[in-house]
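Here is a short tour of one protein model, from its overall build down to a few single residues. Please have a look at the structure first, and then read on.

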Amino acid sequence: MNKLLMGFVLTLFFNCNSTAQKKTPEATKTFEITKTEAEWKAELSAKEFHVLRQAGTERAFSSPLNKNNEAGVYLCKGCNTPLFKSEHKYDSGSGWPSFDREIEGHVAFSTDYDLGYARTEEHCATCGGHLGHIFNDGPKETTGKRHCINGVALKFIPNL
């Protein structure tokens, strides 16, 4: 009886770690702009590389873009793809630049389970760079979405 119970517990343990819960590595996807790890490291700072290529997160309230209120466009730091417009930026109080919508077609989405539960991860649709995550606690008077984006993954270009 003990062997049967032990076999059941071991089977349950190994089956709970299924591939359905594992994130598909971005490296296996094909993007319009693809570079080697060495090429990305040569072009990006250590923080930019950590966030954009390794899905890291910058420290909250550390980005000067969090409090930027100028009119303009936010681009991907890795490939200069326009991602967000300043008119859709708002202060969420989260410590990261927040937007209620993306420029359609320029941001790709996937699901990650890095914290043990499902979150919608955002990537640049052109180079696959990790941007942040999207949540359903944004402004109710607009989209209700909060695109919580790492400032280090962005480049701001003011309107001229």
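## The loop after the third helix

Let us start with F61, which sits in the loop that links α3 to β1. The model is a predicted one, and in it F61 has a positive phi near 65° although this residue is not a glycine. Most residues other than glycine have a negative phi. Is F61 buried or exposed? With a relative accessibility of 54%, F61 counts as exposed, because the cut-off for that class is over 50%.

The loop between α3 and β1 also holds A55. A55 comes after α3 and has a positive phi as well, near 60°. Like F61, A55 is not a glycine. Its exposure falls in another class: A55 has a relative accessible area of 26%, so it is partly exposed.

## Overall build

Stepping back, the protein contains three helices and nine strands. Starting at the N terminus, the order of elements is α-α-α-β-β-β-β-β-β-β-β-β. Of the 160 residues, 40% are buried. The exposed area of the protein is about 9700 Å², with 56% of it supplied by carbon and sulfur atoms.

How much of the contact network links residues 24 or more positions apart? Such pairs make up 55% of the contacts with a separation of 6 or more.

## Confidence

The average pLDDT of the protein is 87, and 82% of the residues score at least 70. Residues 8–27 have a pLDDT below 50, and in the model this stretch makes 13 contacts beyond near neighbours in sequence.

## Helix α3 and its cover

Helix α3 spans residues 46–54, and its buried residues are E48, F49, V51 and L52. What covers these buried residues of α3? The cover includes the helix α2 (37–43) together with the strands β1 (72–76) and β7 (130–135).

Two of these helix residues, V51 and L52, meet again in the surroundings of A153. That residue lies in the loop between β8 (146–149) and β9 (154–158). A153 counts as buried because its relative accessibility is 0%. Beyond neighbours within four places in sequence, A153 contacts V51 and L52, along with L75, C76, K77, H130 and L131. The C-alpha atom of A153 is 9.5 Å from that of C124, a residue 29 positions away along the chain.

## A buried loop residue

T126 is found in the loop between β6 (119–124) and β7. Is T126 buried or exposed? T126 counts as buried, because its relative accessibility of 13% is under the 20% cut-off.

Which residues touch T126, leaving aside neighbours within four places in sequence? Its contacts are F31, E32, I33, C79 and T81. P82 is 44 residues from T126 along the chain, and the C-alpha atoms of the two are 9.9 Å apart.

## The second largest pocket

To close, we turn to open space. The second largest pocket holds about 150 Å³. Lining this pocket are K47, H50, V51, T57, E58, R59, S62, S63, P64 and V152. Sorted by class, the lining has four polar, three nonpolar and three charged residues. V51 is thus a familiar name: this lining residue is also one of the buried residues of α3 and a contact of A153.

How values were computed:
Residues numbered from 1 in each chain as written. Predicted model: local features only at pLDDT ≥ 70, side-chain atom pairs only at ≥ 80, totals over all residues. Heavy atoms only, no water. Helix = DSSP H or I, 4+ residues; strand = E, 2+ residues; numbered from the N terminus. Buried < 20%, exposed > 50% of the residue type's maximum accessible area, 1.4 Å probe, protein only. Contact = heavy atoms within 4.5 Å. Areas by Shrake-Rupley, 256 points an atom, 1.4 Å probe, with all protein chains shown as cover. 1 Å grid on protein atoms, 1.4 Å probe; cavity = no way out; pocket = protein on both sides within 12 Å on 5 of 7 lines; lining within 4 Å. Points joined across faces, edges and corners; volume = space filled by probe spheres on them. Nonpolar A, V, L, I, M, F, W, Y, C, P; charged D, E, K, R; others polar. pLDDT = per-residue confidence, 0-100.
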